[in-house]
Amino acid sequence: MTIEVVLLGTGNPLPDRDRAGAATLVRAGGRTLLFDAGRGVCLRLAAAGVLPLMLDAVLLTHLHSDHICDLNDVITTRWVMSPATNPLTVYGPPRTRAVVDGLEAMLAPDVEYRLAHHADLNWEPATEVVEVSPGVVVDDGGVRIVAASTDHRPVEPTLGYRVEHDGGAVVLAGDTVPCEGLDALCVGADVYVQTVLRDDLVSMVPMQRFVDTIDYHSTVVQAAQTAARGGVKKLVLTHQIPTPAPGSDEEWIEIAREHFDGEIVFGQDLTAISP
């Protein structure tokens, strides 16, 4: 098993008892990587056998609240569980430093209380923020991570990532409509994980702000077409909008299958996928 992907949270911004917020775990070459940190991420990490202090890095696709709202929990839990200073590296688009600074300001009273209470805890949480531009993000000879611009406007800039190890490649697209950057990431990938939307269902919702989501998420059809163009092996549908009705998995898959003849995985929380 060269690369493993675990869908920690497949939910959308609306709370759901069965789906945590957007977050995906990738294990590759001895590295443990968290992509996005939505609602309930630490609980799902624990269910996948990973604790925040075990993460090598967090990589953010964009700064929408549903993709970052529990980053504070990752930072705090890593800090209080670590036996020594254990800085967390956070990669993300421009303005990530401002977001992390804001989280640390919010956590300041908690940090003060814990330092006052625990004699063996004598350091503050440490984060190392790397604001990412399109190109190679990490290349340590074993794992290579490449970022590309995606299109989630008016949210910008936004990023998709490709993780390569031992001949395998997985793409974490985040929220985006089809675009050149996404196509470049997907070429020849083994696994392509994509936020998807059913425009036929969303268009019937009598609330304009919900209907607005159609214009900046890939539909199931568009995700399948992107997968086909890239020649990917597995298309993974995640962060489904709207929240799928119970038992409707095959309905979503069949829509995609009309445009992509590779393997299609309908994402549920803690679904594990390997090339």
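Where is Pro157 found? Pro157 sits in the loop between β8 and β9. That loop is a good place to start a walk through this predicted model, and the tour then moves on to a buried strand, a helix and a pocket.

## The loop between β8 and β9

Pro157 is joined to Glu156 by a cis peptide bond, with omega at about -5°. Pro154 is also found in the loop between β8 (144-149) and β9. The bond that joins Arg153 and Pro154 is cis as well, and here omega is about 15°. For context, most peptide bonds are trans, and most residues other than glycine have a negative phi. If you plan to process these coordinates further, Arg153–Pro154 and Glu156–Pro157 are the cis bonds to keep in view.

## Strand β10 and its partners

Following the chain past this loop brings us to β9 and then β10. How many of the residues of strand β10 are buried? The count is 5 of the 5 residues in 168-172, so the strand is largely enclosed by the rest of the structure. In a regular strand the side chains alternate between the two faces of the sheet. For β10, one side carries Gly168, Val170 and Leu172, the other carries Ala169 and Val171, and both faces are covered.

Strand β10 has a partner in β9 (residues 159-165), and the two pair in the antiparallel sense over 5 bridges. With β11 (residues 191-197), strand β10 runs parallel, joined by 3 bridges. Leu172 is a handy landmark for both pairings: Leu172 stands opposite Tyr161 on the β9 side and opposite Val193 in β11.

## Two residues with positive phi

The hairpin of β9 and β10 has 2 residues between the strands, and Asp166 there takes a positive phi near 50°. Asp166 is not a glycine, yet it has this positive value. Is Asp166 buried or exposed? Its relative accessibility is 58%, so Asp166 counts as exposed, the cut-off being over 50%.

Arg95 is another non-glycine residue with a positive phi, in this case about 90°. Arg95 belongs to the loop between β5 (88-92) and α4 (96-117). Its relative accessibility of 63% is over 50%, and therefore Arg95 counts as exposed.

## Helix α9 and its buried face

Which residues of helix α9 are buried? In this helix, residues 249-257, the buried ones are Trp252, Ile253 and Ala256. Looking down the axis of α9, these buried residues fall within an arc of 100°, so they line one face of the helix.

Several elements take part in covering the buried residues of α9, including β11, α8 (220-230), β12 and β13 (263-266). Strand β11 is thus a link between two parts of this report: β11 helps to cover α9 and is joined to β10 by bridges.

## The largest pocket

The largest pocket holds about 260 Å³ of space. Its lining is made up of 16 residues, and those nearest the centre are Pro13, Phe210, Thr213, Tyr216 and His217. By class, the lining comprises 6 nonpolar, 7 polar and 3 charged residues.

Which elements each supply at least two residues of this lining? They are α2 (65-68), α7 (208-211) and β12 (234-241). You may recall β12 from the previous section, where β12 was among the elements that cover the buried residues of α9.

How values were computed. Residues are numbered from 1 along each chain as its sequence is written. This is a predicted model: local features need pLDDT of at least 70, side-chain atom pairs count only at pLDDT 80 or more; totals for chains, interfaces and linings use all residues. Side-chain values use heavy atoms; hydrogens and water are left out. Buried means under 20% relative accessible area, exposed over 50%, partly exposed in between (1.4 Å probe, protein chains only). Helices (H or I, at least four residues) and strands (E, at least two) are DSSP runs, numbered from the N terminus. Two strands pair if DSSP finds at least two bridges between them. On a 1 Å grid over the protein atoms alone, a cavity is a set of points where a 1.4 Å probe fits but cannot get out, and a pocket is an open set with protein on both sides within 12 Å along at least five of seven lines; lining residues have an atom within 4 Å of a point. Grid points are joined across faces, edges and corners, and a volume is the space filled by probe spheres set on the points. Ala, Val, Leu, Ile, Met, Phe, Trp, Tyr, Cys and Pro count as nonpolar, Asp, Glu, Lys and Arg as charged, and the others, Gly among them, as polar. The arc is that of the directions from the helix axis to the C-beta atoms. Contact means heavy atoms within 4.5 Å.
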